Amino acid sequence: QVQLVESGGGLVQAGGSLRLSCAASGRIFSIDYMGWYRQAPGKQRELVATIASGGTTNYEDSVKGRFTISRDNAKNTVYLQMNSLKAEDTAVYYCKAGVRSNPQIQYTYWGQGTQVTVSS
């Protein structure tokens with residue numbers, strides 16, 4: 001089994017910054033991708049950013065230029081640096097990873113979520 005543990009959420013004023021971390025542990029052969037999603041009250045969960053094992057990144061349009069996703073492959077950890085935060089960034093942020101415990105099969109895992117609240 002694989003566990004994803006997130007940290008770094010909290011309350012911040014608009015214009016401020018937060019850094020989220022997500023560490024994967026357990027039976028890990030390789031991690032194909034890691035990413036962040038978010039879900040605001042009354043809304044569907046949406047993609048924020050992803051990063052592949054080779055470093056290719058993808059961002060949701062509203063966070064481009066403000067958020068930066070990065071990854072430490074040696075630590076099986078993904079980070080999300082969030083700058084210039086806005087009230088509309090308020091949500092529960094979830095880590096997601098595509099993990100192989102053996103070379104043949106990839107499974108998707110989710111973290112438990114961490115609350116980010118931006119006050120205006």
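Student: Which strand does N102 lie in?
Tutor: This is a predicted model, by the way. Run along the chain to residues 91-102 and you're on a strand that includes N102. That strand is β9.

Student: Is N102 buried, partly exposed or exposed?
Tutor: Let's use the cut-offs: buried means under 20% relative accessible area, and exposed means over 50%. N102 has a relative accessible area of 29%, so N102 counts as partly exposed.

Student: Which backbone nitrogen lies 2.9 Å from a polar atom of the N102 side chain?
Tutor: Two backbone nitrogens are worth a look here. The one of I105 lies 3.3 Å from a polar atom of the N102 side chain. The 2.9 Å distance belongs to the backbone nitrogen of Q104.

Student: How far apart in space are N102 and V12, C-alpha to C-alpha?
Tutor: Start with the sequence, where N102 and V12 are 90 residues apart. Then go from C-alpha to C-alpha in the model, and the distance is 40 Å.

Student: Okay, zooming out. How many strands are there in the chain?
Tutor: Read the elements from the N terminus on and you get β-β-β-β-β-β-β-β-β-β-β. There are zero helices in the chain. The number of strands is eleven.

Student: What radius of gyration does the chain have, next to that of a compact globule?
Tutor: The C-alpha atoms fill a box of roughly 45 × 25 × 25 Å along the principal axes. For 120 residues, a compact globule would have a radius of gyration near 14 Å. The chain agrees with that, because its own value is 14 Å.

Student: What share of the contacts with a separation of 6 or more comes from residues 24 or more positions apart?
Tutor: A contact here means heavy atoms within 4.5 Å. Take those in the chain with a separation of 6 or more, and pick out the pairs 24 or more positions apart. Their share is 56%.

Student: Which residue in the loop between β8 and β9 has a positive phi although it is not a glycine?
Tutor: There's a residue like that in another loop too: N76, between β7 and β8, has phi near 50°. N76 is partly exposed, at 23% relative accessibility. In the loop between β8 and β9, the residue with a positive phi of about 50° is S84.

Student: And what is the relative accessible area of S84?
Tutor: Buried would mean under 20% and exposed over 50%. S84 is partly exposed, so its value falls in between, at 42%.

Key: Residues are numbered from 1 along each chain as its sequence is written. This is a predicted model: local features need pLDDT of at least 70, side-chain atom pairs count only at pLDDT 80 or more; totals for chains, interfaces and linings use all residues. Side-chain values use heavy atoms; hydrogens and water are left out. Helices (H or I, at least four residues) and strands (E, at least two) are DSSP runs, numbered from the N terminus. The radius of gyration is taken over C-alpha atoms; the globule rule is 2.2 Å times the number of residues to the power 0.38. Buried means under 20% relative accessible area, exposed over 50%, partly exposed in between (1.4 Å probe, protein chains only). A polar contact is a pair of N or O atoms within 3.5 Å; within protein, one must be able to donate a hydrogen and the other to accept it, and residues adjacent in sequence count only if both atoms are side-chain atoms.
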